[in-house]
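This report describes a ligand site and a few backbone features. Please view the sequence and the structure before reading on.

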Amino acid sequence: MNFDRVKEMMVEEQLISRGVKEPRVTKVMKRVPRHLFVEKALWERAYEDHPLPIGEEQTISQPFMVGTMTQALALQGKEKVLEIGTGSGYQTAILAELAEQVFTIERFESLSKKARENLHQLGYTNVVLRVGDGCLGWREFSPFDGILVTAGAPEVPKTLFEQMKEGGRMVIPIGGSKSQDLVLIRKKDKKMKRETLCGCVFVPLVGRGAWVTRE
Ligand code: SAM
């Protein structure tokens, strides 16, 4: 099966037409094989305009959301980025194409393992994966130029804000457990500047300072 044409259509119809036009972002989203990050039975639906299940009741994000979040980080190629919620690893691959180094944390070991295998098979060498609570960030490698949280939080986790570089950007869904606003946070003079980008629906960020786990 050749997915080149569907990838192109996904970018034209779902991203560019809705304002995700940054050429660096659209170019990599035309290239990265999203279908390889979902199970084979879902390959034909991999480029559709919605999230898909990836196991553990989690999802690979809608392509438009991946594009919107990536564009908002405004990556130029030299950045160190922290991603919270590796999930399938698809968003991680997009970040790895656009930044120098990507650190990514996932709370489910099974998802992290699968993502690691996929990223390895696709030849990404600038990604470091870890299993744990991403709300705590990754102090050892901080501060980060960019932080991308791919699950919905009730508020900006304080620790993540502390681990942002001055002048850095964080993109995070903020709101209730059922729907949120996608928010761009900038750090200027140690203070938080907030800009709402659009409405969104993400699975909950489960961890310290976010939603409490039911386990
Ligand atoms: N970017 C992912 C992709 O493209 O496949 C989508 C990830 S999914 C919408 C959100 C992920 O965040 C889930 O895999 C979930 O397990 C993870 N997650 C939720 N809370 C977390 C936390 N505190 N630390 C790390 N991962 C977390």
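The sections below cover the ligand site and then the backbone.

## Ligand placement

The model is a predicted one. In it, the ligand sits in the largest pocket. Taken alone, the ligand exposes 600 Å², and the protein buries 100% of that area.

The shell around the ligand holds 26 residues, and the closest are Ser88, Glu106, Asp133, Gly134 and Val206. Sorted by class, this shell has 11 nonpolar, 11 polar and four charged residues.

## Polar contacts to the ligand

The side chains of Ser88, Glu106 and Asp133 each place a polar atom at a short listed distance from the ligand. For Ser88, an N or O atom of the side chain is 2.6 Å from an oxygen atom of the ligand. For Glu106, the distance from a polar side-chain atom to an oxygen atom of the ligand is 2.6 Å.

Asp133 pairs with another element of the ligand: a polar atom of its side chain lies 2.9 Å from a nitrogen atom. A polar contact requires N or O atoms within 3.5 Å.

## Secondary structure around the ligand

Which elements give two or more residues to the shell around the ligand? They are S2, strand S3 (80-84) and strand S4 (101-106). The largest share comes from S2, which gives three residues.

S2 spans residues 58-60, and the loop between strand S1 (52-55) and S2 holds Glu57.

## Positive phi values

Most residues other than glycine have a negative phi. Glu57 has a positive value instead, with phi near 60 degrees. Is Glu57 buried or exposed? Glu57 is exposed, with a relative accessible area of 75%.

Asp189 also has a positive phi, near 50 degrees, and is a residue other than glycine. Asp189 is placed in the loop between strand S8 (180-188) and strand S9 (191-200). The relative accessible area of Asp189 is 65%, so this residue counts as exposed, the cut-off being over 50%.

## A cis peptide bond

Most peptide bonds are trans. The bond from Ser142 to Pro143 is cis, and its omega is near 5 degrees. Pro143 belongs to the loop between strand S5 (127-131) and strand S6 (144-149).

Definitions and conventions: Residues numbered from 1 in each chain as written. Predicted model: local features only at pLDDT ≥ 70, side-chain atom pairs only at ≥ 80, totals over all residues. Heavy atoms only, no water. Helix = DSSP H or I, 4+ residues; strand = E, 2+ residues; numbered from the N terminus. Buried < 20%, exposed > 50% of the residue type's maximum accessible area, 1.4 Å probe, protein only. Near = heavy atom within 4 Å. Polar contact = N/O pair within 3.5 Å; in protein donor to acceptor, adjacent residues only side chain to side chain. Areas by Shrake-Rupley, 256 points an atom, 1.4 Å probe, with all protein chains shown as cover. 1 Å grid on protein atoms, 1.4 Å probe; cavity = no way out; pocket = protein on both sides within 12 Å on 5 of 7 lines; lining within 4 Å. Sits in = over half its atoms within 2 Å of the grid points. Nonpolar A, V, L, I, M, F, W, Y, C, P; charged D, E, K, R; others polar.
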